[in-house]
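Here's a quick tour for anyone who'd like to get their bearings before loading the coordinates into something heavier. Have the viewer open and follow along.

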Amino acid sequence: MKIATWNVNSLKVRLPHLLDWLASACPDVVCLQELKCEDGAVPRAEIEAAGYHVETNGQKTYNGVALLSRSPLQEVSRDIPGFADPQKRVIAATIDDIRVVCAYFPNGQAVGSEKFAYKLDWLAALTDWLKNELARHPKLILTGDFNIAPEDRDVSPDWKEEIHVSPQERAAFSALTGLGLADAFRRFEQAERSFSWWDYRMNAFRRNFGLRIDHILVSDALLPQLQHCTIDKAPRKLERPSDHTPVIAEFAL
DNA sequence: ATGCCACACCTTGTGTGA
């Protein structure tokens with residue numbers, strides 16, 4: 001079972017890349033972020049024609065998340081229960097007895113800003129909710145664009161900003177892994193300077209100036225089946241790419 | 001210090017992203 005996460009930065013613009021990538025990478029489950037379109041504007045027919053069930057939690061202009069799956073998506077839930085939020089950042093579903101949570105974490109803009117406070121509140125609410133979800137579904141995958149680089153090795157040496165790397169954000173990431181969720185990418189040997197996002201500006205991709213902020217977290221009950229976790233840089237090399245590239249985990253299931 | 005890029009929109013500039 002192959003599961004991937006990809007912040008597509010506009011589903012409408014990236015649809016050709018997505019369809020090509022589905023055909024070449026053959027993932028079983030795909031978690032998408034930053035659709036930037038409402039549910040009614042999602043190109044469902046094209047995605048279904050590629051062989052995937054689709055469930056979305058869309059929003060115009062900003063945010064929006066989707067789950068694509070070859071197997072049916074069951075018990076679909078949207079947003080964080082009990083956390084009032086007009087921003088569409090979460091969708092979850094059960095796929096072949098695995099609970100998959102797809103999330104687009106807030107950016108936070110700058111440490112100390114109002115948006116940073118929202119990011120921390122959102123992270124606390126997500127963590128509380130996931131604690132319950134894990135009790136109900138021991139086999140769980142939390143994946144998406146976390147907007148947090150958990151360690152210094154996940155950050156280009158010339159990254160000057162505090163956002164994405166602050167102690168508060170990293171503590172929140174640790175609180176999530178502390179629930180019994182492992183960072184799949186770090187279970188394996190990886191190249192130095194492995195990133196999942198590169199700024200569009202300053203030739204960042206060519207210089208490999210980036211961050212590893214897109215993650216796949218795997219619950220303890222599922223960890224024995226985890227076989228690989230890789231970053232697929234190919235879509236980032238195309239014309240008009242998303243600034244993020246897919247991360248893929250493979251399970252012996 | 002800003003723009004450097006990309007995307008969306010009740011667009012011809014502005015907000016947001018990371």
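What follows walks through the core, some strands and a helix, two backbone oddities and the DNA-facing surface.

## What you're looking at

Keep in mind that this is a predicted model. Every distance and neighbour tally below is computed from it.

## The nonpolar core

Let's start in the middle. Which residues touch the most other members of the largest nonpolar core? That core has 65 residues, and the best-connected ones are L32, V100, I141 and I216. Strand 7 gives the most to this core, contributing 6 residues. As a general point, nonpolar side chains in soluble globular proteins tend to be buried together.

I216 makes a good example to click on. Setting aside residues up to four places away in sequence, I216 touches I3, T5, I141, T143, A184, F185, C229, V247 and A249.

## Strands 1 and 2

Strand 2 covers residues 29-33. It is largely enclosed by the rest of the structure, because 5 of its 5 residues are buried. Look at the two faces separately and you'll find V29, C31 and Q33 buried on one side, with V30 and L32 buried on the other. That split fits a general pattern: side chains in a regular strand alternate between the two faces of the sheet. Strand 1 (residues 2-7) pairs with strand 2 in the parallel sense, over 5 bridges, and I3 sits opposite V29.

V29 has 27 other C-beta atoms within 10 Å, so it counts as buried. Beyond its sequence neighbours up to four places away, V29 touches I3, L68, S69, I95 and V100. For a longer yardstick, try V29 to R136: they are 107 residues apart in sequence and 21 Å apart in space, C-alpha to C-alpha.

## Strands 6, 7 and 8

Strand 7 (98-104) and strand 8 (140-145) run parallel and are joined by 6 bridges. One of the matched pairs is A103 with G144 in strand 8. Strand 8 is largely enclosed by the rest of the structure, since 6 of its 6 residues are buried.

Now hop to A92, which lies in strand 6 (residues 90-95). Is A92 buried or exposed? It is buried, because 28 C-beta neighbours fall inside 10 Å. Leaving out anything within four places in sequence, A92 is in contact with S77, R99, V100, V101 and C102. A92 and E55 are 37 residues apart in sequence, yet their C-alpha atoms are 9.1 Å apart.

## Helix 3

Helix 3 (residues 114-136) passes a simple geometry check: at 1.5 Å a residue, its 23 residues should span 33 Å, and the end C-alpha atoms are indeed 33 Å apart. Which residues of helix 3 are buried? They are F116, K119, W122, L123, L126, L130 and E133. In an α-helix there are 3.6 residues a turn, so residues three or four places apart point the same way. The buried residues of helix 3 pack against strand 7, strand 8 and helix 4 (167-177).

D121 is also in helix 3, but D121 counts as partly exposed because it has 13 C-beta neighbours inside 10 Å. D121 and F83 are 38 residues apart along the chain, with 9.3 Å between their C-alpha atoms.

## Two backbone oddities

Most residues other than glycine have a negative phi, and two here are worth a look. K36 is not a glycine, but its phi is positive, at about 55°. You'll find K36 in the loop between strand 2 and helix 2 (44-49). K36 counts as buried because 20 other C-beta atoms lie within 10 Å, and 20 is where the buried class begins.

The other case is R240, a non-glycine residue with a positive phi near 50°. R240 belongs to the loop between strand 13 (226-231) and strand 14 (247-251). What about its surroundings? R240 counts as exposed, since it has 10 C-beta neighbours inside 10 Å.

## The surface by the DNA

Finally, look at DNA strand B. Which of the 22 residues around DNA strand B come nearest? They are S10, T61, N107, Y200 and R201. The residues of this surface divide into 6 nonpolar, 8 polar and 8 charged.

Definitions and conventions:
Residues numbered from 1 in each chain as written. Chains lettered and ligands numbered in written order. Predicted model: local features only at pLDDT ≥ 70, side-chain atom pairs only at ≥ 80, totals over all residues. Helix = DSSP H or I, 4+ residues; strand = E, 2+ residues; numbered from the N terminus. Expected span 1.5 Å × (residues − 1). Buried ≥ 20, exposed ≤ 12 C-beta atoms within 10 Å, placed from the backbone. Contact = placed C-beta atoms within 7 Å. Near = placed C-beta within 6 Å. Nonpolar A, V, L, I, M, F, W, Y, C, P; charged D, E, K, R; others polar. Core = buried A, V, L, I, M, F, W, Y, C linked by C-beta atoms within 7 Å. Pairing = 2+ DSSP bridges.
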